[in-house]
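Let's take a walk through this structure together, one stop at a time. Have the sequence and the 3D view open, and follow along.

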Amino acid sequence: MNTSIEALLNDQIKYEAQASMHYLAMASWADSNGYNGIANFFYSQSEEERVHMTKLVKFVNERGGHVIVPELSKPQDSYSSLKELFESFLSSEIFVTEQINHVIFECLDKKDYNVHNFMQWYVTEQLEEEAVARTLLDKLNIIGDDKSGHYLFDRDINMITTAVDPTE
């Protein structure tokens, strides 16, 4: 495996792990503030990011690379509003997308088509993740500060979470 691509994949492992912990902290905040549906959504998102990380770890190992299990920084664990929570979610997904795009660029530059092909799954996944984050944030912007709207949003997002399997 190309050493610079291996380093980028190790970076991506860290980004996925950090996102998993970030979403776990978001779930905990939502749970402790009575938003059970939103908590379930972020618990699911956390697990999904952990699965993404594990997929990368296995890929690097299968290609004869060396995985570096990352040290993670403490995620933000308090939010002033649901809007701030979901803005953070969207920002996180945009960041991960940018990093994946960088890996893809480097794969093409170094002519590492095997890794490029593997990373296409992540490209598709990020398109979906960003779309979900934007849609949910749009809904919250429509709702504004309406408490009954927040209640309905929490209830509705729980339906989304129960219909999706994060390990797919």
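Start at Lys-111, which is exposed, with a relative accessible area of 59%. The cut-off helps here: a residue counts as exposed when that value is over 50%. Keep in mind that you're looking at a predicted model. To find Lys-111, look in the loop between helix 3 and helix 4, the latter covering residues 113-143. Its backbone is worth a glance too: phi of Lys-111 is positive, near 60°, and this residue is not a glycine.

There's another positive phi to visit, and this one does belong to a glycine. Go to helix 1, which runs over residues 3-32. Its 30 residues reach 44 Å from the first C-alpha to the last, close to the 44 Å expected at 1.5 Å a residue. After helix 1 comes Gly-34, with a positive phi near 85°.

Now for the charged side chains. Side chains of opposite charge can pair when their charged atoms come close. How many salt bridges does the structure hold? There are 7 of them, and we'll drop in on a few.

Back beside our starting point, Asp-109 forms a salt bridge with Lys-110, with 3.7 Å between the closest N and O atoms. Asp-109 is partly exposed, at a relative accessible area of 48%. Lys-110 is partly exposed as well, with a value of 34%. This pair has company: Glu-106, Asp-109 and Lys-110 are linked in a network of salt bridges.

Follow helix 3, which spans residues 82-109, back to Lys-83 and Glu-87. These two form a salt bridge, their closest N and O atoms being 4.0 Å apart. Both lie in helix 3, 4 residues apart, which is about one turn of the helix. An α-helix has 3.6 residues a turn, so residues three or four places apart point the same way. As for the surroundings, Lys-83 counts as partly exposed at 39% relative accessibility, and Glu-87 is partly exposed at 34%.

While you're on helix 3, look across to helix 2, made of residues 36-62. Two packed helices are described by the angle between their axes and the distance between the axes. For helix 2 and helix 3, the angle is about 15° and the axes are 13 Å apart. Because angles under 35 degrees count as roughly parallel, helix 2 is roughly parallel to helix 3. The crossing between helix 2 and helix 3 is left-handed. Which residues make the contact? On the helix 2 side they are Ile-38, Phe-41, Phe-42, Gln-45 and Glu-49. Helix 3 brings Leu-82, Leu-85, Phe-86, Phe-89 and Glu-93.

Hold on to Ile-38 from that list, since it takes us to the last stop. The C-alpha atoms of Ile-38 and Asp-156 are separated by 9.0 Å, although these residues are 118 residues apart along the chain. Asp-156 sits in helix 5, which covers residues 147-163. Is Asp-156 buried or partly exposed? Its relative accessible area is 35%, so it is partly exposed. Asp-156 also has a charged partner: its side chain meets that of Arg-155 in a salt bridge, at 3.2 Å from N to O. Arg-155 is partly exposed too, with a relative accessible area of 43%.

Methods
Residues numbered from 1 in each chain as written. Predicted model: local features only at pLDDT ≥ 70, side-chain atom pairs only at ≥ 80, totals over all residues. Heavy atoms only, no water. Helix = DSSP H or I, 4+ residues; strand = E, 2+ residues; numbered from the N terminus. Expected span 1.5 Å × (residues − 1). Buried < 20%, exposed > 50% of the residue type's maximum accessible area, 1.4 Å probe, protein only. Axes fitted to C-alpha atoms, helices over the stretch in contact; angles between N-to-C directions. Parallel < 35°, antiparallel > 145°, perpendicular 65-115°, else oblique. Left-handed = near helix turned anticlockwise from the far one by under 90°. Contact = heavy atoms within 4.5 Å.
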